[in-house]
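Student: I should like to learn how to read the pockets, the cavity and the ligand site of a protein model. Could we take these features in turn?

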Amino acid sequence: MSKTWRPATQLVHGGTLRSQYSETSEAIYLTQGFVYDSAEAAEARFKGETEGYIYARYGSPTNDMFEKRMCAMEGAEEARATASGMAAVAAAILCQVKAGDHIVAARALFGSCRWVVETLAPKYGIECTLVDGRHLENWEKAIRPNTKVFFLESPTNPTLEVVDIAGVAKLANQVGAKVVVDNVFATPIFQKPLELGAHIVVYSATKHIDGQGRSLGGVILSDTEWVNEHLQDYYRHTGPAMSPFTAWTLLKGLETLPLRVKQQTENAGKIADFLAEQKQVAKVIYPGRKDHPQADIVAKQMKGGSTLVAIELKGGKEAAFALQNALEIVKISNNLGDAKSLITHPATTTHKNLTDEARAELGISPGTVRLSAGIEDTDDLIEDFAQALSKIKA
Ligand SMILES: Cc1ncc(COP(=O)(O)O)c(C=O)c1O
């Protein structure tokens, strides 16, 4: 395995463990446990004197391949695969805090992520301050002597705001806090939070990494020291481990990730440009466009646009629903990152639990829809939007 391989090569070959049968495709080791040659061998394994697996809740060969391939892609020393993206987010945050600690998080977070820091953490005596993460001074002002974790998503769901990751990391380092970045929207192809100074990266592998609507999964990536000190025991004893079957589907997903993300991004960019010119559309937010409100930060930390587009329709909820119902190729779904183009109305789905005021703060209006561009033919998608928009009153 070469460390110098470029991402597309790492994603096909990185981490492969071939069995004695020399299979082409990675093997699925669908086993709960492992056997030992002798009682002495079992004792040595448990003492950590020999290398090897003990129990699939701790780690197993197919998961290992997935974790190593993710490490190669991300430039991380260690990874732990989890059963869902939320298992990854919860573990990455909760494993490193205790009662009396304080978290600073961007308020623009996926609903369940926000629930973890805003509702769950305080039940255990961990306080959380939510800030408008677009401005570094808000992060700085929120710091307290007991601040241990900064948590953010960039770009954000669904309005594609971006956070200056290097700036937040600099502030965190000044006070000895750790920065956890949910990198789902950017994908590992377009943004490398560890290179920008973040300490921990999490993914919902359910999204672009699988990308074909099959498996729920997640992954946490960081350095060996942090994993050993904080995550290892939490992961072993609370049991968020991924199924080896899921790890196998995700290994297959990683092979085609760059190809899918490239086509999805091309589609998203062209659809964004088309929609920006339509009379029914009030605003398009797309990180790849020059008119993105934080285009300077996008240029600084992202290598590409995004597979997602936020669209605000002039006709409010009525227009948003009419557009979704009239689309033929683009399917209505709250999922994202899929080969199929998907559209959702955040105010009534993913962000329905927020108050009207909290939604307004995030720029989610009744007319906002979020498109996750798929890999279909670009012209077919644009024609689908054109026919659907023609059915909406301007
Ligand atoms: C930004 C973001 N983080 C985390 C998650 C949670 O991932 P999962 O559904 O795999 O638990 C999602 C989506 O569901 C998401 O969009």
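Student: How far from an oxygen atom of the ligand does a polar side-chain atom of Thr-206 lie?

Tutor: The model is predicted, so every distance here is computed from predicted coordinates. The general idea is to look for N or O atoms that pair within 3.5 Å. In this case a polar side-chain atom of Thr-206 is 2.5 Å from an oxygen atom of the ligand.

Student: Which part of Gly-85, and which part of Met-86, supplies a polar atom to the ligand?

Tutor: For Gly-85 the polar atom belongs to the backbone, and an oxygen atom of the ligand is 2.8 Å from it. Met-86 likewise offers a polar backbone atom, at 2.8 Å from an oxygen atom of the ligand. As for cover, the ligand has 380 Å² of accessible area on its own, and the protein covers 91% of that.

Student: How many residues are around the ligand, and which come nearest?

Tutor: A shell is read as the set of residues with a heavy atom within 4 Å of the ligand. Here there are 15 residues, of which Gly-85, Met-86, Asp-182, Ser-204 and Thr-206 come nearest. Sorted by class, six are nonpolar, six polar and three charged. Two helices, α4 (85-94) and α9 (206-210), each contribute at least two residues to this shell.

Student: In which pocket does the ligand sit?

Tutor: One assigns a ligand to a pocket by asking whether more than half of its atoms lie within 2 Å of the pocket's grid points. By that test, the ligand occupies the second largest pocket, whose volume is about 320 Å³. This pocket is lined by 21 residues, and those closest to its centre are Gly-85, Met-86, Phe-110, Ser-204 and Lys-207. Two or more lining residues come from each of α4, β6 (200-204) and α9.

Student: Which element gives the largest share of that lining, and how do the residues divide by class?

Tutor: The largest share is from α4, with three residues. By class, the lining of the second largest pocket comprises nine nonpolar, eight polar and four charged residues.

Student: How much space lies in the largest pocket, and which residues are closest to its centre?

Tutor: The largest pocket holds about 1,000 Å³ of space. Its lining has 39 residues, and Asp-64, Lys-68, Glu-77, Glu-78 and Arg-80 are the closest to its centre. Elements giving two or more residues to this lining are α1 (7-13), α2 (39-47), α3 (61-74), β1 (78-82) and α10 (224-238). Among them, α3 provides the largest share, seven residues. The class counts for the largest pocket are 13 nonpolar, 12 polar and 14 charged.

Student: How many cavities of 30 Å³ or more does the structure hold?

Tutor: A cavity, unlike a pocket, is space where a 1.4 Å probe fits but cannot get out. The structure has one cavity of 30 Å³ or more, and about 40 Å³ of space lies in the largest cavity.

Student: Which residues line the largest cavity, and which element gives the most?

Tutor: The lining consists of Val-184, Thr-187, Pro-188, Tyr-203, Ser-204, Lys-207, His-208 and Ile-209. Helix α9 gives the most, three residues, while α8 (187-190), β6 and α9 each supply at least two. By class, this lining has four nonpolar, three polar and one charged residues.

Key. Residues are numbered from 1 along each chain as its sequence is written. This is a predicted model: local features need pLDDT of at least 70, side-chain atom pairs count only at pLDDT 80 or more; totals for chains, interfaces and linings use all residues. Side-chain values use heavy atoms; hydrogens and water are left out. A polar contact is a pair of N or O atoms within 3.5 Å; within protein, one must be able to donate a hydrogen and the other to accept it, and residues adjacent in sequence count only if both atoms are side-chain atoms. Accessible areas come from the Shrake-Rupley method with a 1.4 Å probe; for residues, only the protein chains shown count as cover. On a 1 Å grid over the protein atoms alone, a cavity is a set of points where a 1.4 Å probe fits but cannot get out, and a pocket is an open set with protein on both sides within 12 Å along at least five of seven lines; lining residues have an atom within 4 Å of a point. Helices (H or I, at least four residues) and strands (E, at least two) are DSSP runs, numbered from the N terminus. Ala, Val, Leu, Ile, Met, Phe, Trp, Tyr, Cys and Pro count as nonpolar, Asp, Glu, Lys and Arg as charged, and the others, Gly among them, as polar. Grid points are joined across faces, edges and corners, and a volume is the space filled by probe spheres set on the points.
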